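Biologist: I have a model open and would love to talk through its side-chain contacts. Shall we go through it together?

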Amino acid sequence: AVVSTQSTGEGVFDSMMGTIFMESNINNIPPAIKFLFDFLESKRDRIPSDDVNETVHIWKMNSLVLRLWVNIMKNPQFLFDMEKPPIMDSFLSTLSQCLIDSFSRSDLNLSENSSANKLNYNKEVHKYRRRVLAWYSDVMQEPPVTLRQVVQESRLPPMPFRTNFAVSQLFHFALKYREEISEALPFFGTTITRSDFDVLAKPPHR
């Protein structure tokens, strides 16, 4: 069960990291991130020379990873219209900690007394630390952006919502969990039978 859970977690984590690193569109780093990172880099002269690289790295991690991604990961109900089952809380917390460790430069200092989660994901953390450094380098090599560009980007119309795709996905899950749905609906004052699902599942006549 532990191996199965870890394998599932790795798949989720890989997908999430691909989203953070924008691997499907690596040449289009959001102007807001570029502007923020350049601003933080411009404050290097205010930091003692011995701590400058570590401090700037922490600034970037706190402003992007902790403020945004970790918060969304631990609290998906902030972004999606959903309830977070209690059983998911520890799983999401584990992935969040893995994300934090991946962006951190601190030594993990693992021992036999370390938590099982840290030991299980140690290999993944080291793999992603290399990707994090490469991604930071990619951001820094992007051409500078202005505040006006950031504002213009924020005013762009949102991507169109694909309603047909969303409905088809919902229908897919409704069919998959039709037994559970049929049992739960009476608590909400409505009912639907298995035969109703079977009718809906039939392909339309041409």
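Biologist: Let's begin with Tyr136: is it buried or exposed?

Modeller: Happy to help, and first a word on the basis: this is a predicted model, in which local features need pLDDT of at least 70 and side-chain atom pairs count only at pLDDT 80 or more, while totals for chains, interfaces and linings use all residues. Residues are numbered from 1 along each chain as its sequence is written, and side-chain values use heavy atoms, with hydrogens and water left out. Buried means under 20% relative accessible area, exposed over 50% and partly exposed in between (1.4 Å probe, protein chains only). Tyr136 has a relative accessible area of 7%, so Tyr136 is buried.

Biologist: Thanks! Which residue lies over the face of Tyr136?

Modeller: A charge sits over a ring if NZ of Lys or CZ of Arg is within 6 Å of the ring centre and within 35 degrees of the ring normal. Here the distance from the ring centre is 5.3 Å, and the residue is Lys60.

Biologist: How are the rings of Trp135 and Tyr136 arranged: stacked, edge-to-face or tilted?

Modeller: Rings of Phe, Tyr and Trp (its six-membered ring) pair if their centres lie within 6.5 Å; planes under 30 degrees apart count as stacked, over 60 as edge-to-face and the rest as tilted. Trp135 is buried, at 2% relative accessibility. The centres of Trp135 and Tyr136 are 5.8 Å apart and their planes stand at 40°, so the pair is tilted.

Biologist: And what kind of pair do Phe37 and Trp135 make?

Modeller: A search of the whole structure finds 4 aromatic pairs. In the pair of Phe37 and Trp135, the ring centres are 6.0 Å apart and the planes are at 80°, so the pair is edge-to-face.

Biologist: How many residues apart are Phe37 and Trp135?

Modeller: Helices (H or I, at least four residues) are DSSP runs, numbered from the N terminus. Phe37 belongs to helix α2 and Trp135 to helix α6, so this pair links distant parts of the chain. Their separation is 98 residues.

Biologist: Which helix gives the most to the largest nonpolar core?

Modeller: A nonpolar core is a set of buried Ala, Val, Leu, Ile, Met, Phe, Trp, Tyr and Cys residues joined through side-chain atoms within 4.5 Å. The largest one has 24 residues, and Trp135 and Phe103 are among those with the most contacts inside it. Helices α1 (2-20), α2 (31-41), α3 (52-74), α4 (86-103) and α6 (122-141) each supply at least two of its residues. With 6 residues, the one that gives the most is α6.

Biologist: Now the charges: which residues form the network of salt bridges?

Modeller: A salt bridge is a side-chain nitrogen of Lys or Arg within 4 Å of a carboxyl oxygen of Asp or Glu. Glu41 meets Arg44 at 2.4 Å, N to O, and Lys60 forms a salt bridge with Glu41 at 2.7 Å. Lys60 lies in helix α3 and Glu41 in helix α2, so this pair ties together parts 19 residues apart in sequence. The linked residues are Glu41, Arg44 and Lys60.

Biologist: One last pair: about how far along helix α2 are Asp38 and Lys34 separated?

Modeller: Their side chains meet in a salt bridge at 3.1 Å, N to O. Asp38 is partly exposed at 23% relative accessible area, whereas Lys34 is buried at 3%. Because they are 4 residues apart in helix α2, the separation is about one helical turn.
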